[in-house]
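Here is a short briefing to read beside the coordinates. Start with the strands, then move to the core, the pocket and the backbone.

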Amino acid sequence: MKAVIQRVSQASVLVEKKVIGSIKQGYLILLGVGADDTKETADHIIKKLLNLRLFADENDKTNLSIKDIHGSLLIVSQFTLYADCKKGNRPSFINAGSPALAEALYEYFISECKKEIPIVEHGSFGAHMEVSLVNDGPFTIILE
């Protein structure tokens with residue numbers, strides 16, 4: 001599983017020109033599911049991302065987690081994180097999880113995050129989406 005975590009002051013996702021998810025301060029998470037991923041893999045990534053200290057405290061040090069600041073999450077499925085560009089000019093996605101596995105783990109990821117974070121928005125699995133964000137920092141972390 002791969003998660004690109006971007007600290008944002010706001011982010012939104014549109015499907016067919018309609019906003020289906022929108023947050024203020026928090027994380028935009030682009031989530032890719034690999035062929036060998038399990039719920040245990042998701043649990044590890046969730047635990048790490050919820051405890052990362054990426055927000056500034058009163059001394060402007062990155063000492064606060066998403067939970068500490070009562071931030072929000074916007075989770076967007078992105079299988080292209082598993083693109084393999086080693087050969088040729090057309091990416092291969094052989095290492096990405098099957099659509100059934102990826103959707104199940106994506107939904108699991110969302111539901112587990114909702115247990116810890118009051119506002120969890122998300123994209124639409126498999127849909128063509130337009131994602132907008134204001135990256136705060138910019139601050140971007142990759143978890144695998």
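Which residue of β7 is the bridge partner of Ile75? It is His122. The model is predicted. Its strand β6 recurs below: in the strand pairing, in the nonpolar core and in the lining of the largest pocket.

**Strand pairing**

- β6 covers residues 72-77, and β7 covers residues 120-122.
- The two strands, β6 and β7, pair in the parallel sense, over 3 bridges.
- β6 also pairs with β3, again in the parallel sense, here over 6 bridges.
- One contact in that pairing sets Leu31 against its bridge partner in β6, Ser77.
- β3 also has β1 as a partner: these strands run antiparallel and are joined by 7 bridges.
- At Lys2, the residue standing opposite is Gly32 of β3.
- β6, α2 and β7 together form a β-α-β unit, and its hand is right.

**Burial of the strands**

- Is β6 mostly covered or mostly open? It is mostly covered, with 6 of its 6 residues buried.
- Both faces of β6 share in this. Ser72, Leu74 and Val76 are buried on one side, and Leu73, Ile75 and Ser77 on the other.
- β3 is largely enclosed by the rest of the structure, because 7 of its 7 residues are buried.
- Val4 lies in strand β1. Its relative accessibility is 14%, so Val4 counts as buried, the cut-off being under 20%.
- From Val4 to Leu64 is 60 residues in sequence and 19 Å in space, C-alpha to C-alpha.

**Nonpolar core**

- In soluble globular proteins, nonpolar side chains tend to be buried together.
- The largest nonpolar core here has 29 residues.
- Which of its members touch the most others? They are Ile5, Tyr27, Leu49, Leu73, Ile75 and Phe109.
- β1, β3, α1, β6 and α2 each give this core at least two residues. α1 spans residues 39-51.
- α2 provides the largest share of this core, 7 residues.
- Leu73 and Ile75 thus appear twice: they are among the core residues that touch the most other members, and both are buried on one side of β6.

**Largest pocket**

- How much space lies in the largest pocket? The figure is about 310 Å³.
- Its lining consists of 19 residues, and those closest to the centre are Ser77, Gln78, Phe79, Gly126 and Met129.
- β3 (26-32), β6 and α2 (99-114) each contribute at least two residues to the lining.
- β3 supplies the largest share of the lining, 3 residues.
- By residue class, the lining has 12 nonpolar and 7 polar residues. No charged residue is part of it.
- Ser77 links several topics. It is one of the residues closest to the pocket centre, it is buried in β6, and it is the bridge partner of Leu31.

**Backbone points to check**

- Where does a cis peptide bond occur? It joins Gly137 and Pro138, with omega at about -5°.
- Pro138 is part of strand β8, residues 130-143.
- Lys17 is not a glycine, yet its phi is positive, near 70°.
- Lys17 sits in the loop between β1 and β2. Its relative accessible area is 66%, so Lys17 is exposed, the cut-off being over 50%.
- His70 also has a positive phi, near 55°, in a residue other than glycine.
- His70 belongs to the loop between β5 and β6. With a relative accessible area of 70%, His70 is exposed.

**A buried loop residue**

- Gly34 is found in the loop between β3 and α1.
- Is Gly34 buried or exposed? Gly34 is buried, as its relative accessible area is 4%.
- Gly34 and Tyr82 are 48 residues apart along the chain, and their C-alpha atoms are separated by 7.1 Å.

Terms used:
Residues are numbered from 1 along each chain as its sequence is written. This is a predicted model: local features need pLDDT of at least 70, side-chain atom pairs count only at pLDDT 80 or more; totals for chains, interfaces and linings use all residues. Side-chain values use heavy atoms; hydrogens and water are left out. On a 1 Å grid over the protein atoms alone, a cavity is a set of points where a 1.4 Å probe fits but cannot get out, and a pocket is an open set with protein on both sides within 12 Å along at least five of seven lines; lining residues have an atom within 4 Å of a point. Grid points are joined across faces, edges and corners, and a volume is the space filled by probe spheres set on the points. Helices (H or I, at least four residues) and strands (E, at least two) are DSSP runs, numbered from the N terminus. Ala, Val, Leu, Ile, Met, Phe, Trp, Tyr, Cys and Pro count as nonpolar, Asp, Glu, Lys and Arg as charged, and the others, Gly among them, as polar. Buried means under 20% relative accessible area, exposed over 50%, partly exposed in between (1.4 Å probe, protein chains only). Two strands pair if DSSP finds at least two bridges between them. A crossover is right-handed if, with the strands pointing away from the viewer, the path from the first strand over the helix to the second runs clockwise. A nonpolar core is a set of buried Ala, Val, Leu, Ile, Met, Phe, Trp, Tyr and Cys residues joined through side-chain atoms within 4.5 Å.
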